[in-house]
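Here's a quick briefing to read alongside the model. Take a look at the chain, then work through the points below.

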Amino acid sequence: MKIYNEEKTQELNEQDLDFTLGYLKSDKRLLAHHDAVEGRNAVYADRIVEEENGGISVYKDLVSPAVEAKEEWAEYENIQVYIPYTAEELKERADKKRHAELKAELEKVMEDIGQEQLGIVRDDYSEKKARAAVIINELRVLEGKAPREVVV
């Protein structure tokens, strides 16, 4: 399937597309417009032939074939259009990605802190606690909340 720019003026190569900066959307492109056709019956002409035995034969010769009536119609091609993300959409995507990364890291850090609380001694307990506080505050900012004060 062909891929075009947003204005459908230039065909693009899939290798040249950066899907981190835009996406593909299905669309159609007009190939040709066909006018309506008025229907008409076939037209025949009589041809009279005098046979050798003195008889007369009448033949109907086709002068113009019948034409079926058709309404006007358009011929389209299925295409894809590359739509670049807006600055807002790019920021939103980056924030969602960062949010997911932080959630995964926080889960790991909280698991390590939980092990320390259960008596499994880890050397980096205070570092993990401080990192958890930083992650939580960054998540709060991404969610539109105010960061909390970190007490050391």
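How many helices and strands are there in the protein chain? This is a predicted model, and its protein chain has 2 helices and 6 strands. Going along the sequence, they come in the order β-β-β-β-β-β-α-α.

**Overall shape**

- If you drew a box around the C-alpha atoms along the principal axes, it would come out at roughly 125 × 30 × 25 Å.
- The radius of gyration is 38 Å, while a compact globule of 152 residues would be near 15 Å.
- Just 16% of the 152 residues count as buried.
- The accessible surface adds up to about 12100 Å², and carbon and sulfur atoms account for 50% of that.
- Take the contacts with a separation of 6 or more: 63% of them are between residues 24 or more positions apart.

**The nonpolar core**

- The largest nonpolar core is made of 7 residues: Leu 102, Leu 106, Val 109, Ile 113, Ala 132, Ile 135 and Leu 139.
- Two elements each give two or more residues to this core, namely helix H1 (87-117) and helix H2 (125-142).
- H1 brings the largest share, with 4 residues.
- Zoom in on Val 109 and, leaving aside neighbours within four places in sequence, you'll find it in contact with Lys 128, Arg 131, Ala 132 and Ile 135.

**Salt bridges**

- A search of the whole structure turns up 11 salt bridges.
- Arg 131, one of the contacts of Val 109, pairs with Glu 105, and their closest N and O atoms are 2.7 Å apart.
- That pair ties together distant parts of the chain, with Arg 131 in helix H2 and Glu 105 in helix H1, 26 residues apart.
- Both ends count as partly exposed: Arg 131 has a relative accessible area of 28%, and Glu 105 has 29%.
- Lys 96 and Glu 92 also form a salt bridge, at 3.5 Å from N to O. They sit 4 residues apart in helix H1, so about one helical turn separates them.
- Lys 96 is exposed at 57% relative accessible area, whereas Glu 92 is partly exposed at 45%.
- Further along, Glu 143 and Lys 145 make a salt bridge, with 3.5 Å between the closest N and O atoms. Glu 143 is partly exposed at 37% relative accessibility, and Lys 145 is partly exposed at 44%.
- Shared partners also link Lys 2, Arg 29 and Glu 77 into one salt-bridge network.

**Strands, loops and surface**

- Ile 48, Ile 56 and Val 58 make up a nonpolar patch on the surface, and together they have about 330 Å² of accessible area.
- Ile 48 belongs to strand S4 (residues 43-50). Is Ile 48 buried or exposed? Its relative accessibility is 61%, so Ile 48 counts as exposed.
- Lys 8 lies in the loop between strand S1 (3-4) and strand S2 (11-12). Although Lys 8 is not a glycine, it has a positive phi of about 65°. At 30% relative accessibility, it counts as partly exposed.
- Glu 71 is found in the loop between strand S5 (56-64) and strand S6 (73-84), and with 70% relative accessibility it counts as exposed.
- From C-alpha to C-alpha, Glu 71 and Thr 20 are 44 Å apart in space, with their positions 51 residues apart in sequence.

Technical notes: Residues are numbered from 1 along each chain as its sequence is written. This is a predicted model: local features need pLDDT of at least 70, side-chain atom pairs count only at pLDDT 80 or more; totals for chains, interfaces and linings use all residues. Side-chain values use heavy atoms; hydrogens and water are left out. A nonpolar core is a set of buried Ala, Val, Leu, Ile, Met, Phe, Trp, Tyr and Cys residues joined through side-chain atoms within 4.5 Å. Buried means under 20% relative accessible area, exposed over 50%, partly exposed in between (1.4 Å probe, protein chains only). Contact means heavy atoms within 4.5 Å. Patches are made of residues with over 30% relative accessible area and no salt bridge: like charges are joined within 9 Å, nonpolar side chains (Val, Leu, Ile, Met, Phe, Trp, Tyr) within 5 Å. Accessible areas come from the Shrake-Rupley method with a 1.4 Å probe; for residues, only the protein chains shown count as cover. A salt bridge is a side-chain nitrogen of Lys or Arg within 4 Å of a carboxyl oxygen of Asp or Glu. The radius of gyration is taken over C-alpha atoms; the globule rule is 2.2 Å times the number of residues to the power 0.38.
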